[in-house]
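Ready to go looking for empty space inside a protein? Here are some short exercises, each with a solution worked in steps.

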Amino acid sequence: MIMQGWTGFFLKVDLTRSQASAEPYSEDLALNFLGGRGFAIKILWDTLKQGTNPLSPENKLIFATGPLTGIGLPNSGKLVIASKSPLTGGYGDGNSGSWAAVNLRKAGYDALVIEGKASKPVTLHIKDRTWEFLDASDLWGKSTFEVDDQFRKKYSKLAGILSIGPAGENLVKFATVVSQKGRSGGRPGMGAVMGSKNLKAIVVEGTQPIPLAYPNEMKRLAIDGYKELLTKPVYQFWKRQGTMSTVEWCQENSCLPTFNYKQGVFDKAEGISGFTMEKMKVSNRGCPQCNMTCGNVVKDSEGQDSELDYENVVMLGSNIGLGNLAQVATLNRLADEFSFDAISLGSVIGFAMEASEKGLISEKIGWGDFEAIKVLINNIAYRRGFGAVLADGVRAASAAIDKGSSEWAMHVKGLEVSAYDCHIAPGMALAYGTSSIGAHHKDAWIITWEQKAGREKYDEAKVDHLIKTQLLRGGIFEALTVCRFPQGSLGFELEWYHKYLRASTGKNFSMEQLNQIGDRILNLIRAFWIREYGDRWNRDLDVPPMRWFKEPLTDGPLKGAVLDIEKYNSMLDIYYQKRGWDKNGVPKKETLDGLGLSDVTSQLKLS
Ligand code: SF4
């Protein structure tokens with residue numbers, strides 16, 4: 001089969017046997033799942049045996065791109081990193097902007113599917129249709145920055161380099177895969193899965209053209225798209241601050257994660273704000289082929305470069321009581337060097353601080369104690385002392401110390417809550433509750449919309465907006481592996497993506513068709529969770545942490561605000577009904593059949 005837009009091949013790698021093969025896949029798969037997250041969940045659903053241990057050789061680690069990846073379009077240099085998550089036990093993924101995405105496509109593959117376990121540490125080097133497994137024993141123990149430096153000297157300047165640091169090697173369950181010294185992807189432990197396979201790094205070099213239906217039209221559209229972005233009113237401010245302006249917004253609106261999500265406001269917020277960052281900034285960094293580069297590089301307290309964005313700064317800042325941005329930047333750099341997810345790292349540290357404050361653990365660690373935090377980060381990376389408990393994530397840490405801590409262990413389905421306090425944001429709380437990977441904002445960052453729509457409301461309009469956003473961002477964008485910020489933050493029109501898809505694939509996808517693909521992907525992800533959780537599955541898994549329902553905000557203009565559990569559950573009922581799911585959040589047979597997922601019905605034993 002000859003396709004345009006897709007290369008039509010996956011590179012399948014078996015690390016146990018040191019073998020790899022380029023395997024064609026069907027056009028049906030491309031048309032029904034598009035790429036990225038769509039390919040990843042379909043592969044996991046079809047090939048992973050139920051109950052597979054996420055850290056066993058049998059688990060699959062997938063790096064998947066879409067039909068727009070690597071073409072030289074605005075914000076299209078990303079890939080999705082996916083696997084069964086060791087942190088949550090369900091579907092896990094994250095996207096990352098990396099030259100590996102561009103090179104993988106130019107090497108002739110739409111996805112890299114890795115299974116098995118190497119007998120000793122290896123680096124997988126791919127160059128077009130050749131590959132080799134290099135001994136990485138000398139790299140084991142090194143940081144992702146050191147690996148990047150070493151391979152950057154050895155291979156071409158624009159080679160794609162993905163690696164793990166000690167957190168991934170030591171199977172920290174929220175370890176990520178890092179690229180380009182700051183672009184980190186796969187929050188729910190994709191770095192630990194890579195570590196479990198003894199795979200230290202992947203280097204990809206591609207030199208072939210990507211097959212396009214209308215290459216000349218694509219060239220013109222790409223130039224027009226880049227130019228269009230420059231005309232957007234917030235473009236200049238975005239280039240100055242990227243996502244960092246969210247610090248001020250959250251502080252003004254009482255949703256800044258502070259002291260493990262107790263306050264919503266932070267008395268030192270100015271110290272970690274976007275304007276403070278601007279005074280320290282030395283450069284912008286970003287994903288390949290992006291002209292909105294939103295990574296803000298500053299010099300940290302040790303004089304090293306650190307790439308900042310909103311979530312990392314507040315989770316390693318206000319959430320753990322630290323108001324000095326240079327120090328926050330140091331912690332952020334350590335997270336990238338070790339290959340920690342910075343959001344989850346800030347959450348487990350905040351949890352430990354609260355447990356220490358309450359006298360529930362013998363370790364002493366005070367809010368904002370910079371030196372103690374650095375020690376703790378090392379202990380988590382190397383699984384030493386209480387660090388070993390925290391290395392399994394906040395859900396496991398809470399289960400280990402018990403004593404009522406589950407109510408303030410801030411996670412959904414085991415994934416730590418990302419950086420928005422929802423004491424008075426029921427729509428955003430529902431977004432966390434129903435997200436595809438646990439409590440992450442990527443699929444539906446609706447909190448600024450909700451603020452305008454009326455934060456105190458629990459209504460159908462919020463559910464409608466949430467579902468529409470999830471289908472677009474969690475479904476379509478994640479399958480195309482394009483960045484959500486042009487559309488979400490700058491107002492880049494959806495029409496562009498239709499045009500790009502047509503020029504790439506030669507096919508006209510209507511919005512209705514794309515939404516159906518998004519819905520198919522999200523339903524299959526939900527089915528995967530249910531298959532893996534089995535008897536443990538219940539609707540409470542779609543409810544965010546009890547702190548937001550039981551403990552009112554302790555400070556700020558909205559002091560006293562709290563979520564209402566009954567009203568939340570009513571919204572969840574409406575959400576289920578609109579998704580075509582039953583009262584336990586399980587997709588109904590007719591929903592799955594309507595999406596062409598009839599085979600799922602029998603596996604879930606639905607009638
Ligand atoms: S806007 Fe930021 S996250 Fe999006 S592609 Fe550009 S650099 Fe990457």
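**Exercise 1.** Find which element gives the largest share of the lining of the second largest cavity.

*Solution.* Start with the answer: α22 takes that role, with 4 residues. Keep in mind that you're looking at a predicted model. Next, get a feel for the space itself, which is about 100 Å³. Now go to its centre: of the 14 lining residues, T434, S435, S436, R526 and W581 lie nearest. Besides α22, α24 (565–579) also gives two or more residues to this lining. Last, sort the lining by class, and you get 6 nonpolar, 4 polar and 4 charged residues.

**Exercise 2.** Work out what surrounds the largest cavity, and how the lining divides by class.

*Solution.* This cavity has a volume of about 700 Å³. Its lining has 39 residues, and K78, N95, S184, D309 and R484 are the ones nearest the centre. β5 (91–97) brings the largest share, 5 residues. By class, count 17 polar, 11 nonpolar and 11 charged residues.

**Exercise 3.** Now the largest pocket: which element gives the most to its lining?

*Solution.* First the space, about 940 Å³. Of its 35 lining residues, W445, T448, R473, G488 and S489 sit closest to the centre. Elements giving two or more residues include α18 (447–453), α20 (485–490) and α22 (511–533). The top contributor, though, is α19, with 6 residues. The class split is 15 nonpolar, 13 polar and 7 charged.

Definitions and conventions: Residues numbered from 1 in each chain as written. Predicted model: local features only at pLDDT ≥ 70, side-chain atom pairs only at ≥ 80, totals over all residues. Heavy atoms only, no water. 1 Å grid on protein atoms, 1.4 Å probe; cavity = no way out; pocket = protein on both sides within 12 Å on 5 of 7 lines; lining within 4 Å. Points joined across faces, edges and corners; volume = space filled by probe spheres on them. Nonpolar A, V, L, I, M, F, W, Y, C, P; charged D, E, K, R; others polar.
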